[in-house]
Amino acid sequence: MPTHTFKLNGKQISVEAEDNVRLLWVLRDLLGVTGPKYGCALEVCKSCTSHINGKAFNPCSVQVKDIEPADEVTTIEGLPATVGKDLHPMQEAWLKYDVAQCGYCQPGQIMAAVAKVKQARAEGRDITDADLDELRNICRCGTYSRIREAVKAGAEDMGA
């Protein structure tokens, strides 16, 4: 069985898996990283949203063979370490605005929000309502207004 090596939540790891296995299953079933949720396996619901090299992506749609040794995958479990705290500012905003109901989509929502804020900052601007409209993560509970409030607050707390 092939061995795949990449950086996961700040640590270089190697895992044996067939090349065509989706990264989501490698994370969840082989590595025990269960923050990215299985929702659709079609890159539609985005409940598995994580980061690869700092950008949002959906591991349900990526085969493990497509992950390079230099790639850095960050899941919700590794997000706080990116800022050296127990919780990332976006996670703190989620709690402050009481976003979660069932909570299933929340890891993906938070990871997408952080990537969107970083994208806006890289373009030299603050996050806008138009940016928030681009977030396509599905929330079955319909907490979208609280999600938007939390993203704006989290963005402020993320600093420049």
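Helices (H or I, at least four residues) and strands (E, at least two) are taken here as DSSP runs, numbered from the N terminus. The model is a predicted one, so local features need pLDDT of at least 70 and side-chain atom pairs count only at pLDDT 80 or more, while totals for chains, interfaces and linings use all residues. Residues are numbered from 1 along each chain as its sequence is written, and side-chain values use heavy atoms, with hydrogens and water left out.

Helix α5 is a handy place to start, and Y144 is found in it. Y144 is partly exposed, at 38% relative accessible area; on this scale buried means under 20%, exposed over 50%, and partly exposed in between (1.4 Å probe, protein chains only). Together with L42, V44 and I138, Y144 makes a nonpolar surface patch of about 380 Å². Patches are built from residues with over 30% relative accessible area and no salt bridge, joining like charges within 9 Å and nonpolar side chains (Val, Leu, Ile, Met, Phe, Trp, Tyr) within 5 Å. The areas come from the Shrake-Rupley method with a 1.4 Å probe, and for residues only the protein chains shown count as cover.

Next come the charged pairs. A salt bridge is a side-chain nitrogen of Lys or Arg within 4 Å of a carboxyl oxygen of Asp or Glu, and the whole structure has seven of them. One of these links K152 to D129, with the closest N and O atoms 3.0 Å apart. Because K152 sits in helix α5 (residues 144-158) and D129 in helix α4, this pair ties together parts that are 23 residues apart in sequence. Both ends are partly exposed, K152 at 38% and D129 at 43% relative accessibility. The pair doesn't stand alone: salt bridges with shared partners join D129, D133, R148 and K152 into one network.

Helix α4 has another such link, as the side chains of E134 and K116 meet in a salt bridge at 2.5 Å, N to O. Here E134 belongs to helix α4 (residues 129-134) and K116 to helix α3 (residues 106-122), so the contact ties together parts that are 18 residues apart in sequence. The two partners differ in their cover: E134 is partly exposed at 46% relative accessibility, whereas K116 is buried at 10%. R125 and E123 also pair up through their side chains, at 2.8 Å, N to O. R125 is partly exposed, with 31% relative accessible area, and so is E123, with 45%.

The cysteines tell another story. A disulfide would need a pair of cysteine sulfur atoms within 2.5 Å, and a search of the whole structure turns up zero. C40 has its closest cysteine sulfur in C45, 3.8 Å away, which is too far for a bond. C60 is likewise in no disulfide, the nearest cysteine sulfur being that of C48 at 3.7 Å. C60 is also buried, with a relative accessible area of 5%.

Strands β1 (residues 3-8) and β2 (residues 11-16) run antiparallel and are joined by six bridges; strands count as paired if DSSP finds at least two bridges between them. L8 has K11 in β2 as its bridge partner. The two strands form a hairpin with two residues between them, and N9 in the turn has a positive phi of about 50°.

Finally, an unreviewed UniProt entry annotates residues 75-152 as "domain: [2Fe-2S]-binding". UniProt positions are in the numbering used here, feature names are shortened, and annotations may be inferred rather than shown by experiment. In the model, this span is 51% helix and 0% strand, with its end C-alpha atoms 21 Å apart.
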